[in-house]
Amino acid sequence: MKYQEKDFTPELKANIQAMEAALKKHSGILLRENRSIFEEKNLEFYASLDVDGHDHFQPGYRSSIVIGISEKAVPDGDLINMQLITIWQCVRTVLGLEVSTNIPGSKIIGMLVDETLEELKEELAEHIEEFLNEEY
């Protein structure tokens with residue numbers, strides 16, 4: 001869901017922070033629930049909330065929930081599988097194109113994930129289940 005700069009309210013910020021906190025907590029739960037399953041397959045499982053930036057309403061801020069799977073036998077190896085869901089992103093745009101500098105006429109917009117917290121949790125669980133059901 002897109003938000004214009006005029007829509008950046010304390011309530012919106014609180015909603016974003018609540019979603020980030022809930023998904024950060026859920027990533028810890030995913031790690032605890034799935035770690036032993038992945039260890040049996042000699043795989044490393046990662047789940048975390050990644051945040052770039054400090055102010056939710058400044059261009060460059062981005063928060064995402066990330067789950068990744070890699071081989072234990074290959075330290076610092078490539079990920080075999082990764083799922084990234086952007087929760088909130090704030091960007092500056094001109095004519096719909098993202099820009100990094102403050103150009104006259106540019107606008108700041110924010111994009112919040114459309115799914116509910118429960119839908120996101122389900123999506124992450126399905127992704128893990130699908131990977132585990134594949135023959136690896």
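This section walks through the nonpolar core, two buried serines, a salt bridge, a surface patch and two unusual backbone angles in a predicted model.

A good place to start is the interior. In soluble globular proteins, nonpolar side chains tend to be buried together. Here, the largest nonpolar core has 29 residues, and Phe 8, Leu 12, Phe 38, Phe 45 and Trp 88 make the most contacts inside it. At least two residues of this core come from each of α1, β2 (43–52), β3, β4, β6 (107–112) and α2. Helix α1 supplies the largest share, with seven residues. For Trp 88, the contacts beyond four places in sequence include Phe 8 and Leu 12, which are themselves listed with Trp 88 among the core residues with the most contacts. Other partners of Trp 88 are Tyr 3, Ile 16, His 56, Phe 57, Tyr 61 and Arg 62, as well as Ser 63, Gly 110, Met 111 and Leu 112.

Ser 63 leads from the core to the polar residues. This serine sits in strand β3 (residues 62–71) and is buried, because its relative accessibility is 0% and the cut-off for burial is under 20%. Beyond its neighbours up to four places away in sequence, Ser 63 touches Glu 20, Asp 50, Val 51, Ile 85, Thr 86, Ile 87 and Trp 88. With one of these residues, Glu 20, Ser 63 shares a side-chain polar contact of 2.7 Å. The C-alpha atom of Ser 63 is also 9.3 Å from that of Ile 16, although 47 residues separate the two along the chain.

A second serine, Ser 27, belongs to helix α1 (residues 10–40). Ser 27 is buried too, with a relative accessibility of 5%. Setting aside residues up to four places away in sequence, its contacts are Ala 47, Ser 48, Leu 49 and Ile 65.

Charged side chains come next. Side chains of opposite charge can pair when their charged atoms come close. The structure holds one salt bridge, formed by the side chains of Lys 121 and Glu 118 with an N to O distance of 3.8 Å. Both residues lie in helix α2 (residues 117–133), and because they are three residues apart there, about one helical turn separates them. Their surroundings can be set side by side: Lys 121 is partly exposed, at 23% relative accessible area, whereas Glu 118 is exposed, at 52%.

Nonpolar side chains also appear on the outside of the model. Tyr 46, Leu 79, Met 82 and Leu 84 make up a nonpolar surface patch, and together they have about 380 Å² of accessible area. Strand β4 (residues 79–94) gives the most to this patch, with three residues. Leu 79 is found in that strand and is partly exposed, at 43% relative accessibility.

Finally, the backbone offers two points for a closer look. Most residues other than glycine have a negative phi. Asn 42, however, has a positive phi of about 60° without being a glycine. This asparagine occupies the loop between α1 and β2 and is partly exposed, with a relative accessibility of 41%. Leu 95 likewise is not a glycine and has a positive phi, of about 55°. Its place is the loop between β4 and β5 (97–99), where Leu 95 is exposed, with a relative accessible area of 85%.

Definitions and conventions. Residues are numbered from 1 along each chain as its sequence is written. This is a predicted model: local features need pLDDT of at least 70, side-chain atom pairs count only at pLDDT 80 or more; totals for chains, interfaces and linings use all residues. Side-chain values use heavy atoms; hydrogens and water are left out. Helices (H or I, at least four residues) and strands (E, at least two) are DSSP runs, numbered from the N terminus. Buried means under 20% relative accessible area, exposed over 50%, partly exposed in between (1.4 Å probe, protein chains only). Contact means heavy atoms within 4.5 Å. A salt bridge is a side-chain nitrogen of Lys or Arg within 4 Å of a carboxyl oxygen of Asp or Glu. A polar contact is a pair of N or O atoms within 3.5 Å; within protein, one must be able to donate a hydrogen and the other to accept it, and residues adjacent in sequence count only if both atoms are side-chain atoms. Patches are made of residues with over 30% relative accessible area and no salt bridge: like charges are joined within 9 Å, nonpolar side chains (Val, Leu, Ile, Met, Phe, Trp, Tyr) within 5 Å. Accessible areas come from the Shrake-Rupley method with a 1.4 Å probe; for residues, only the protein chains shown count as cover. A nonpolar core is a set of buried Ala, Val, Leu, Ile, Met, Phe, Trp, Tyr and Cys residues joined through side-chain atoms within 4.5 Å.
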